[in-house]
Amino acid sequence: MHLTVSEITHAFGARQLFENLSLRVSSGEMMALMGPSGAGKSTLLSMIAGVAEPDAGSITFDSPHNPRIVWIVQSTPLLPRRTALENVRLGPLSEGLTLQEADSRALAAMQHLGVRHTATTKVFRLSGGERQRLAVARAVASSADVILADEPTASLDPATRSEVITALRVAANVGVMVIVSTHDMAVARLCDRVSNLADGALLTGTPQPAGTS
């Protein structure tokens, strides 16, 4: 599956946010969307999610079905008084699976993302990194085709940040399209490529190794 953003234009009042902006992302790819605050990263994610529409241009998925899109933010809502498993199973349950089927898929995703050991623990007792990994596990368990992560590691300590971005990397490795909005080059370096959003256009390249300029 491919996402194609084709020559979109969008303005807020007199301010031109995007002008003929184009982008293409494939399943199994993890892309970092970077740029200064106000450059339109969150707006672009909302358009990809279908929540907002550009003034001109098109955003399409070449998929035989409507892609299942999951949006993960810095503090993705979870049910704090429910267990980790109860939270993750909500994804597959929303697809109409039985409880047994949902638990099987949820536990498999949790195992893959390194949080299987938290299954019976109430969410309020978990660390920030564990909660964010549960959010990713729920997306994977719900057969998400696309994960849009909007600053998912902002305000997290380095260890927790690493846990969360590694979880997103794992999701991409199993075929999910992952687009991460971030200011953090440490996050960008774990992505397949980086697209810098500035002056209404995207400048795309490959992440630079740590220590290079």
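**Entry 1: β6 and its partners**

I started with a single bridge: D150 in β6 has S181 in β7 as its bridge partner. I kept in mind from the outset that this is a predicted model. Next I followed the chain from β6 to β7: the path goes through helix α6, residues 158-173, and the β-α-β crossover is right-handed. I then counted the bridges of this pair and found five between β6 and β7 (residues 177-181), with the two strands running parallel.

I looked for another neighbour of β6 and found β5, residues 69-73, which pairs with β6 in the parallel sense, again over five bridges. Here I noted W71, whose bridge partner in β6 is L148.

Then I asked myself how many residues of β6 are buried. Five of the five are, so I wrote the strand (residues 146-150) down as mostly covered. I split them by face: V146, L148 and D150 sit on one side, I147 and A149 on the other, and both faces are covered. The split follows a familiar rule: side chains in a regular strand alternate between the two faces of the sheet.

**Entry 2: β3**

I moved on to β3, residues 30-34, and found it mostly covered, with five of five residues buried. On one face I listed M30, A32 and M34, and on the other M31 and L33; all are buried.

Which strands does β3 join? I found β7, connected to β3 by four bridges and running parallel with it, and also β8 (residues 193-198), again parallel and with four bridges. M31 was my handy marker for both pairings: it stands opposite I179 in β7 and opposite R193 in β8.

**Entry 3: T153 and α1**

I went back to the stretch after β6 and picked out T153, which lies in the loop between β6 and α6. Is T153 buried or exposed? Its relative accessibility is 7%, and the cut-off for buried is under 20%, so T153 counts as buried. For its surroundings I left aside neighbours within four places in sequence, and found T153 in contact with R161, V164 and V187.

Helix α1 (residues 41-48) came next, and I logged it as mostly covered, with seven of its eight residues buried. The buried ones are K41, T43, L44, L45, S46, M47 and I48. Just after α1 I checked the backbone and saw that G50 takes a positive phi of about 85 degrees.

**Entry 4: nonpolar cores**

I then turned to the cores, with the general tendency in mind that nonpolar side chains in soluble globular proteins are buried together. The largest core here has 39 residues, and M110, L134, I147, L168 and V178 have the most contacts inside it. I took L134 for a closer look: not counting residues up to four places away in sequence, L134 touches L78, A84, V88, M110, V115, T118, V123 and L126. Apart from this core lies another, of 21 residues, including L3, L45, F61 and L148.

I was pleased to meet some old acquaintances: I147 and L148 are both on my list of buried β6 residues, and L45 is on the one for α1.

**Entry 5: rings**

My last lookup was the aromatic rings. How many aromatic pairs does a search of the whole structure find? Zero, as I noted with a little surprise. I did find a charge over a ring, though: R81 lies over the face of F124, 4.4 Å from the ring centre.

Definitions and conventions:
Residues numbered from 1 in each chain as written. Predicted model: local features only at pLDDT ≥ 70, side-chain atom pairs only at ≥ 80, totals over all residues. Heavy atoms only, no water. Buried < 20%, exposed > 50% of the residue type's maximum accessible area, 1.4 Å probe, protein only. Pairing = 2+ DSSP bridges. Right-handed = clockwise from strand over helix to strand, strands pointing away. Phe/Tyr/Trp six-rings, centres within 6.5 Å; stacked < 30°, edge-to-face > 60°. Lys NZ or Arg CZ within 6 Å of the ring centre and 35° of its normal. Contact = heavy atoms within 4.5 Å. Core = buried A, V, L, I, M, F, W, Y, C linked by side-chain atoms within 4.5 Å.
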